[in-house]
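This report describes two parts of a protein structure: the surroundings of one residue, and one sheet with its helix. Please keep the structure in view while reading.

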Amino acid sequence: MRAARLIKMVLLLQARLSMTAAELARELEVSERTVARDVLSLSEAGVPVYADRGRTGGYRLIGGYRTRLTGLGRSEAEALFLSGVPAALREMGLADAASAARLKVSAALLPELRDAATGAARRFHLDAPGWYQQPEPPELLPAIAEAVRDDRRITARYLRKGTEVARELEPYGLVLKAGVWYLAARVGGEHRVYRVDRFTAVAAAAAEEDTTPTGGDAARDGRFDRDPSFDLPAFWAERAAEFARSILRAQVVLRLSADGARLLPYVTDRAAAREAIARAQAAAGPDARGRLTVTLAVESPEVAYAQLLALGPEGEVLAPADLRQRMAAAARRMAAGYG
């Protein structure tokens with residue numbers, strides 16, 4: 001355990017050049033006192049860790065020290081080869097780069113671990129899109145991915161509610177969600193999300209001569225200054241949760257059998273269904289016949305109609321009245337068809 005932590009500390013300092021004791025403690029999930037002891041142990045082992053004193057000080061490696069990858073274990077090597085999504089890499093135009101990187105890592109591994117790449121590929125495969133989907137990779141994805149990697153501003157045309165609009169964007173990151181690509185970009189000082197397949201044109205900002213005394217390299221070559229505090233996974237998680245909440249704008253009241261309560265998360269929004277069932281169980285619980293009355297958040301009565309038909313006799317809509325009447329009419333038609 002401690003040996004793995006020491007290796008991780010060296011790799012962190014190698015990657016980030018300098019880190020404070022607090023930063024190392026947070027990354028390694030230990031106390032700052034433990035960090036100090038570990039640094040002493042590394043120094044005694046011949047690893048040149050230097051401590052800068054003062055308010056802006058920290059730990060760093062000196063003399064261009066670099067560690068090797070030969071310390072990888074089999075599970076670590078296999079996890080490394082599984083860390084990418086092959087289809088996503090191809091769509092972003094990174095298949096050749098990923099192949100070269102895998103070859104370089106393979107060459108650095110111990111001989112007995114050289115089969116890690118093929119062993120992992122034979123046992124695990126990640127298929128990102130959902131069932132019954134054949135998503136076409138967006139034509140402009142490689143150009144957008146290149147701008148993301150290069151921190152380069154783009155001028156884009158985007159379809160919004162059927163109308164094409166122009167945008168000047170600072171592309172921060174790409175997210176692949178259920179086979180659909182999304183771009184997280186900053187525009188007007190605010191981070192927003194765009195579906196990549198709705199872009200109709202993309203042009204990266206070209207380098208231009210900057211004659212102003214305050215102009216920097218980023219201004220001259222079309223690049224933007226990335227906000228170092230931006231966290232793509234955290235940003236996406238927050239926006240995804242906001243989107244899920246925003247589309248559930250209506251409510252229906254249902255009376256469910258025990259089987260209906262079990263099936264509800266599979267026919268409608270899973271989080272909303274589980275929340276509704278939990279509230280109902282905590283408030284009144286099942287009635288004498290074992291039925292549970294829940295108030296469920298839904299996208300719209302129209303969507304709820306299509307979803308709740310799947311419950312059949314295990315669910316009864318109590319409100320709103322027009323949805324109850326529509327469900328009753330569907331039940332009569334179904335009974336007539338089977339009669």
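In this predicted model, the side chain of arginine 152 comes to 3.2 Å from the backbone oxygen of alanine 205. The side chain of arginine 152 also makes a polar contact of 3.0 Å with the side chain of aspartate 150. Arginine 152 itself belongs to the loop that links α8 (141-150) and β4 (154-160).

Is arginine 152 buried or exposed? Its relative accessible area is 15%, and the cut-off for a buried residue is under 20%, so arginine 152 counts as buried. Leaving aside residues up to four places away in sequence, arginine 152 touches eight residues: Ala147, Pro171, Ala204, Ala205, Asp221, Gly222, Arg223 and Phe224. Proline 171 lies 19 residues from arginine 152 along the chain, yet their C-alpha atoms are 7.2 Å apart.

The second part is a sheet. Three strands make up this open sheet, in the order β10-β9-β11, with antiparallel pairing. β10 and β11 are the edge strands; each has a single partner strand, so one side of each has no neighbour in the sheet. From one strand to the next, the twist averages 35°.

| Strand | Residues |
|---|---|
| β10 | 292-298 |
| β9 | 250-256 |
| β11 | 315-319 |

In general, the strands of a sheet pair through backbone hydrogen bonds. Here, four bridges connect β9 and β11, and leucine 256 has glycine 315 in β11 as its bridge partner. Across β9 and β11 lies helix α14, residues 321-338, which runs at about 145° to β11.

Key. Residues numbered from 1 in each chain as written. Predicted model: local features only at pLDDT ≥ 70, side-chain atom pairs only at ≥ 80, totals over all residues. Heavy atoms only, no water. Helix = DSSP H or I, 4+ residues; strand = E, 2+ residues; numbered from the N terminus. Buried < 20%, exposed > 50% of the residue type's maximum accessible area, 1.4 Å probe, protein only. Contact = heavy atoms within 4.5 Å. Polar contact = N/O pair within 3.5 Å; in protein donor to acceptor, adjacent residues only side chain to side chain. Pairing = 2+ DSSP bridges. Axes fitted to C-alpha atoms, helices over the stretch in contact; angles between N-to-C directions.
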